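Subject: Structure for your files

Hello,

Here is the structure I said I would pass on. My notes on it follow below.

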Amino acid sequence: MNIKPLADRVLVKPAAAEEKTVSGIIIPDSAKEKPLKGEVIATGNGTKDEEMVVKKGDNVLYGKYAGTEIELEGTTYLIMRQSDILAII
């Protein structure tokens, strides 16, 4: 993949949505919530005011409405600012 985020942006691959609940009920596609965690695929170089803390391969938690959804080679990714990431897990 030839995509390199600029400045303080991060490219994240969202984790797959859960298929079943704890009790074993299968959740239909229309009722699944978007996952709020994912894996960092690429990062920008940061800015003079903000250095990059996350790095490629980190698993992160991000806000519900964070980032812009893009599709590359049939896979969905999110591109967001580092400040939209809440935690590294």
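The largest nonpolar core has 11 residues: Val10, Val12, Val40, Met52, Val54, Val60, Tyr62, Ala66, Leu78, Met80 and Ile85. At least two residues of this core come from each of strand 1 (9–14), strand 3 (59–62) and strand 5 (75–81). Please keep in mind that this is a predicted model. In soluble globular proteins, nonpolar side chains tend to be buried together.

Val10 is a useful place to start looking. Leaving out residues up to four places away in sequence, Val10 touches Pro5, Val40, Ala42, Thr43, Met52, Val54, Leu78, Ile79, Met80, Gln82 and Ile85. Core members Val40, Met52, Val54, Leu78, Met80 and Ile85 are among these contacts of Val10.

As for the chain overall, the secondary structure comes to 0 helices and 6 strands, and the pattern along the sequence reads β-β-β-β-β-β. The protein chain has 89 residues, of which 27% count as buried. Taking contacts between residues at least 6 apart in sequence, 63% join residues at least 24 apart. About 6300 Å² of the protein chain is exposed, and carbon and sulfur atoms supply 52% of that area.

Two polar residues are also worth a look.

- Asp8 sits in the segment before strand 1. Asp8 counts as buried because its relative accessible area is 6%, under the 20% cut-off. With residues up to four places away in sequence not counted, its contacts are Gly46, Thr47, Glu50, Met52, Met80, Arg81 and Gln82.
- Gln82 lies in the loop between strand 5 and strand 6. At 7% relative accessibility, Gln82 is buried too. On the same count of contacts, Gln82 touches Asp8, Val10, Glu50, Glu51, Met52, Val53 and Val54. Gln82 and Val54 are 28 residues apart along the chain, and their C-alpha atoms are separated by 7.6 Å.

Asp8 and Gln82 therefore both fall in the buried class, at 6% and 7%, and they touch each other.

Which residues form a nonpolar patch on the surface? They are Leu61, Leu86 and Ile89, with about 300 Å² of accessible area together. Leu86 belongs to strand 6 (residues 85–88). The relative accessible area of Leu86 is 64%, so this residue is classed as exposed. Ile85, in contrast, is part of the nonpolar core.

Regards

Conventions. Residues numbered from 1 in each chain as written. Predicted model: local features only at pLDDT ≥ 70, side-chain atom pairs only at ≥ 80, totals over all residues. Heavy atoms only, no water. Core = buried A, V, L, I, M, F, W, Y, C linked by side-chain atoms within 4.5 Å. Buried < 20%, exposed > 50% of the residue type's maximum accessible area, 1.4 Å probe, protein only. Helix = DSSP H or I, 4+ residues; strand = E, 2+ residues; numbered from the N terminus. Contact = heavy atoms within 4.5 Å. Areas by Shrake-Rupley, 256 points an atom, 1.4 Å probe, with all protein chains shown as cover. Patch = residues over 30% accessible without salt bridge, like charges linked within 9 Å, V, L, I, M, F, W, Y side chains within 5 Å. Salt bridge = Lys/Arg side-chain N within 4 Å of Asp/Glu carboxyl O.
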